[in-house]
Amino acid sequence: MRAVGQNLAFLFLLSLSFFSSVFAANVLAIDYGADWIKASLMKPGLPFDVLLNKDSKRKIQSSVAWKNGERLFGSDAFNLATRFPQDTFNSLKYLLGVPGNAESASPKPGGKTWDVEELVAHQLAYVKQLAQDAAGEPVVDAVLTVPAYFSQFERDALADAVELAGLRLITLVHDGTAVAVNYAMTRTFPEPERHIVFDAGASGTRATVVTFSGSSKSKGGAVAVNGIGFARLVGGTELDRRLREILVKKFTEKHHKDIRGDKKAMAKLWKEAGRVKTILSANAEAVATIESLTEDIDFKTKVSRTEFENVCSDLKDQFVAPIHKALAQAGVKLEDIKSVILTGGASRTPMVQAALKAAVGQEKIAQNVNADEAAVLGAALHGASLSRQFRTKDIKVTDLTPYDVQMSYLAEAKLESSTRPRTITSTAFAAGSKLGTKKTLTFKRKDDFYVAFQYKDSVAPEFPVELLDAKISGVKEAFANLTEMGGIDPVVKATIVLSESGFISVPEAVAYAELKDDSITGKLKSFFAEGSSSLSGAADSAQTAEATPAAKKAAATPKEATIPLNVTIKFTSVAPMSLDDKRDARQRILRAEIDESRRAQREEAHNNLEGYLYRLRDTLAGDATHPFVKCSQQSERVALAAKLEQVTAWFHDHAESADLAALQEKLESLQALERPIVHRYMEIEEFPRALNNSQLWNWQTRLFLTEAKTNLTQEESTGVEGRYTRAELDSLEKTLKEHELWLNEWVEKQKSVKMNEDPVIETAEMKKRAEKLEKQLQGLVFKKAPKVKKTSATSSTGSATSKSRPSAGSTKGQEHDEL
């Protein structure tokens, strides 16, 4: 069941703050899986939840397909695989970062060659459009989940796909870590707790040992990843593959035909295997049924859970192996773990759950997060915490890398040696290093050199270990400049970074040296300084002697100098997309989006015209009591009927091939004839309301004038300054009379107008004139009253005091006398 209560708890706990006065903030989180894509949009004013697709589904199948040049996504694309498998692409996550010589990395949808990054970008752009439709504004910033075992090649490919989709990557976050953030957001931890996030997804299984901390007294908390274990290719997809093999075997035994070469048949069996697997998760057996599987052969067979589990028996230990690996890397034992939090679709499989119970015990298994949505919700919360536009529960996240990354470079060549310099290899980042780590390396070199980075061991089949080469150049010139500045034994210092997203990079390198003022210029300065001290008088000598120790200390303290060096990165195996390739790919995606937008507009115009033809036909067929007939003349109905017949004939013959402009032109030609009739009807409907509104303002204005004039007369007789002047009231009365005269005159004229004739007085004009009167009236109603002048205390004591009131010229003296 979906954890609805937990999602509602998120809604109450999450407080969003909007700081920008111009643009509304938003962050799009995407959990990109091999089978499903889940997304969540963080935006002030929108409920925090999973983003729905156009069919109001909470997850989107990871499929993209082409049909007659049109892109299809989600279930529409997935269902097309059984008819056009060559133009349908599923499980693209497996192909990210695969070396270019791999056969599976060259899909050709619609007769075109697309890079895998482009295919993924099409899917991400579709999700982006869903988010923009929900937000009502552009969406740019994105956070994506990745398995912790993703190599730099796979991360680069996904980052390129994000850029091609028109998004800006904030960060990549490990899916196990994202689930942990989601778990921590609604909980407090008075004492640190260790849990394992067990994620059995479609593409693989991973386990993450996490320490949660943060008491209820603090506003935040901490999520620290201690260990990671994983099993690539052991997941839901492998279960589907083995179940399909069962179906293939049963078909071959029954019909004595090998259908492995039939792509359509294999696509149908793949789809059916997924359905049967879901049924077997809750039942002991399931029936697989496929009509016209191949050569009009209908296929039906029964599969039992026992049969399925026997075929997958070797996977049981592989599913739980990541837990033991994660515990080993974290350096903790199973008894130190409070619970194993289950997530991922394959975790629902009875075989996987049985293996988990045997490995960790029933009491430690926790199913208190949404297995499908915990990762994307956690990624959204993590992305919001990285943005200044939101205020969320402050959860500090520390993650780590599962791989050893080493670096190698040639030792400094000796002039007298003719042998090849030896290669020095050392660890750059050990497995378990924290993401977001920065190191500074020191090299004693005299000339340009290379530093190569590679994985210590192969991360996956077909993947190389070489990552990149960093060429550091400009060394000789920089050292010469440092020496001239007084530098001693200059060295090269290079900065290497393991980013929060798991990327290895060399952002900068500098030539560095400590400076002592031993240059000729420095020695001359020192000589003249000492000479001037010896010529000083007795008064200065004491001061000189007192300052000498401090001066010596300053001279002994070396100063530093750095000169930037050039760092050139070369990818030695699988390189990210070049700028030119990305530019071309982005243009292709934009053209596809533009074509689809035009196609959607044309489809909408086609439907609008078709619906309008049917509606207008029914309207013209109405009897004499129909409002349309009452408000129209015979000649107008005849002309409209003739035009309707003409456009209807055109629609039947040419509508399917007509472009957007032609469809809109035909619709407008009919609407132009109907518009005067509709306008009369609308005026008849609106006239009573407009007249009542005008008369109401006349009445309110007259009431106001009656009361205001009475008050003004009294004020004028007593000499008190009133709120309104005589001129203001006269002006308002003039406007009122003009409005009453105009309204009475034209209302009388309108009474003689028939329903099928154009009105002589438009309701828009009535509203405009009434608004003029309303505005002038409200200007007086909300006018501030004049301030009442304060009278002095002496003026109220009687006539004697009044007679002694001083003149304006003697006020100062009089006040002095009273004091």
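Which residues does Arg242 touch, not counting residues up to four places away in sequence? Arg242 touches Val311, Cys312, Asp314 and Leu315. The views below come from a predicted model.

**View 1. Arg242 sits in helix α6.** This helix covers residues 236-255. Arg242 has a relative accessibility of 13%. Buried means under 20%, so Arg242 counts as buried. One of the residues touched by Arg242, Cys312, also belongs to a core of 47 residues.

**View 2. The whole protein, for orientation.** The protein has 819 residues, and 45% of them count as buried. Its secondary structure comes to 22 helices and 25 strands. Take the contacts between residues at least 6 apart in sequence: 72% of them join residues at least 24 apart.

**View 3. The largest nonpolar core holds 91 residues.** Leu28, Ile30, Val120, Leu124 and Phe453 touch the most other members. Helix α3, residues 116-135, gives the most to this core: eleven residues. Two domains take part, each with at least three residues in the core. Domain 1 spans 27-236 + 317-400, and domain 2 spans 403-519 + 559-577. Another core, of 47 residues, lies apart from this one. Its members include Phe198, Leu239, Ala265 and Cys312.

**View 4. Val120 and its contacts.** Leave aside the neighbours of Val120 within four places in sequence. Val120 is then in contact with Tyr32, Leu92, Leu96, Leu158 and Ala161. Val120 is also one of the residues that touch the most other members of the largest nonpolar core.

**View 5. Helix α3 packs against helix α4.** Helix α4 runs over residues 152-164. The two axes are 8 Å apart, at an angle of about 50 degrees. The helices are therefore oblique to each other. Their crossing is right-handed. From α3, the residues that meet α4 are Glu117, Glu118, Val120, Ala121 and Leu124. From α4 come Ala157, Leu158, Asp160, Ala161, Val162 and Leu164.

**View 6. Helix α3 also crosses helix α15.** Helix α15 takes in residues 579-620. Here the axes come within 11 Å and cross at roughly 45 degrees. This pair, α3 and α15, is therefore oblique. α3 passes α15 in a right-handed crossing. On α3, Glu118, Ala121, His122, Ala125 and Lys128 make the contact. On α15, the residues are Ala585, Arg586, Arg588, Ile589, Ala592 and Glu593. Glu118 and Ala121 of α3 appear in this contact and in the one with α4.

Technical notes: Residues numbered from 1 in each chain as written. Predicted model: local features only at pLDDT ≥ 70, side-chain atom pairs only at ≥ 80, totals over all residues. Heavy atoms only, no water. Core = buried A, V, L, I, M, F, W, Y, C linked by side-chain atoms within 4.5 Å. Buried < 20%, exposed > 50% of the residue type's maximum accessible area, 1.4 Å probe, protein only. Helix = DSSP H or I, 4+ residues; strand = E, 2+ residues; numbered from the N terminus. Domains from an automatic or database assignment. Contact = heavy atoms within 4.5 Å. Axes fitted to C-alpha atoms, helices over the stretch in contact; angles between N-to-C directions. Parallel < 35°, antiparallel > 145°, perpendicular 65-115°, else oblique. Left-handed = near helix turned anticlockwise from the far one by under 90°.
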